[in-house]
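Please open the structure in your viewer and keep a selection panel at hand, since this tour moves from one selection to the next and says what is found at each stop.

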Amino acid sequence: MDCTYTKKFPIDKYNRPGGFYSLSDLPIAKYAELSREGEVVTIDHEKNICTVKDKEKDWEFDIPLEDVIIKDKYEQA
């Protein structure tokens, strides 16, 4: 299932994910919440956590369900 998720990332001076999320060695300028496109891998309703795989970078994160918007399959057509 496709989704949009929001997570706090370290950001470089060009407003790109930095630190461990970048191959460049630019210093971290700030931390900011970014919304990115992803794919839902699993949903744990007991813990209210969703495992999401980032579409662009293949990163996997456990994200609270309230920070994940699952896209309606009819919107994608």
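Two strands are taken to pair if DSSP finds at least two bridges between them. With that in mind, and remembering throughout that this is a predicted model, select strand 1 and strand 2 first: they pair in the antiparallel sense, over 10 bridges. At residue level, pick I11, which stands opposite K30 in strand 2.

Next, widen the selection to the whole sheet, where five strands are arranged in the order 4-3-2-1-5, forming an open sheet with antiparallel pairing. At its edges you will find strand 4 (60–64) and strand 5 (68–70), each of which pairs on one side only. As you turn the view, note that the twist from one strand to the next averages 40 degrees.

Now show side chains for C3, Y5, F9, I11, V40, C50, V52, W59, F61, I63 and V68, the 11 residues that make up the largest nonpolar core. Strand 1, strand 3 (49–54) and strand 4 are the elements that give two or more residues to this core, and strand 1 gives the most, with four residues. In soluble globular proteins, nonpolar side chains tend to be buried together.

Stay with two members of that core, C3 and C50. Are these cysteines buried or exposed? C3 is buried, with a relative accessible area of 0%, and C50 is likewise buried, its relative accessible area being 0%. Why is there no disulfide between C3 and C50? The sulfur of C3 lies 6.0 Å from the closest cysteine sulfur, in C50, which is too far for a bond, because a disulfide requires a pair of cysteine sulfur atoms within 2.5 Å. A search of the whole structure accordingly finds zero disulfides.

Return to I11 and display its surroundings: leaving aside neighbours within four places in sequence, I11 is in contact with R16, P17, G18, P27, I28, A29, K30, A32 and L34.

From that list, select R16, which is found in the loop between strand 1 (2–11) and strand 2 (30–44). R16 is partly exposed, with a relative accessible area of 40%. Not counting residues up to four places away in sequence, R16 touches P10, I11, S24 and L26. As a last step, draw a C-alpha to C-alpha distance from R16 to I69: the two residues are 53 residues apart in sequence and 22 Å apart in space.

Terms used: Residues numbered from 1 in each chain as written. Predicted model: local features only at pLDDT ≥ 70, side-chain atom pairs only at ≥ 80, totals over all residues. Heavy atoms only, no water. Buried < 20%, exposed > 50% of the residue type's maximum accessible area, 1.4 Å probe, protein only. Contact = heavy atoms within 4.5 Å. Axes fitted to C-alpha atoms, helices over the stretch in contact; angles between N-to-C directions. Core = buried A, V, L, I, M, F, W, Y, C linked by side-chain atoms within 4.5 Å.
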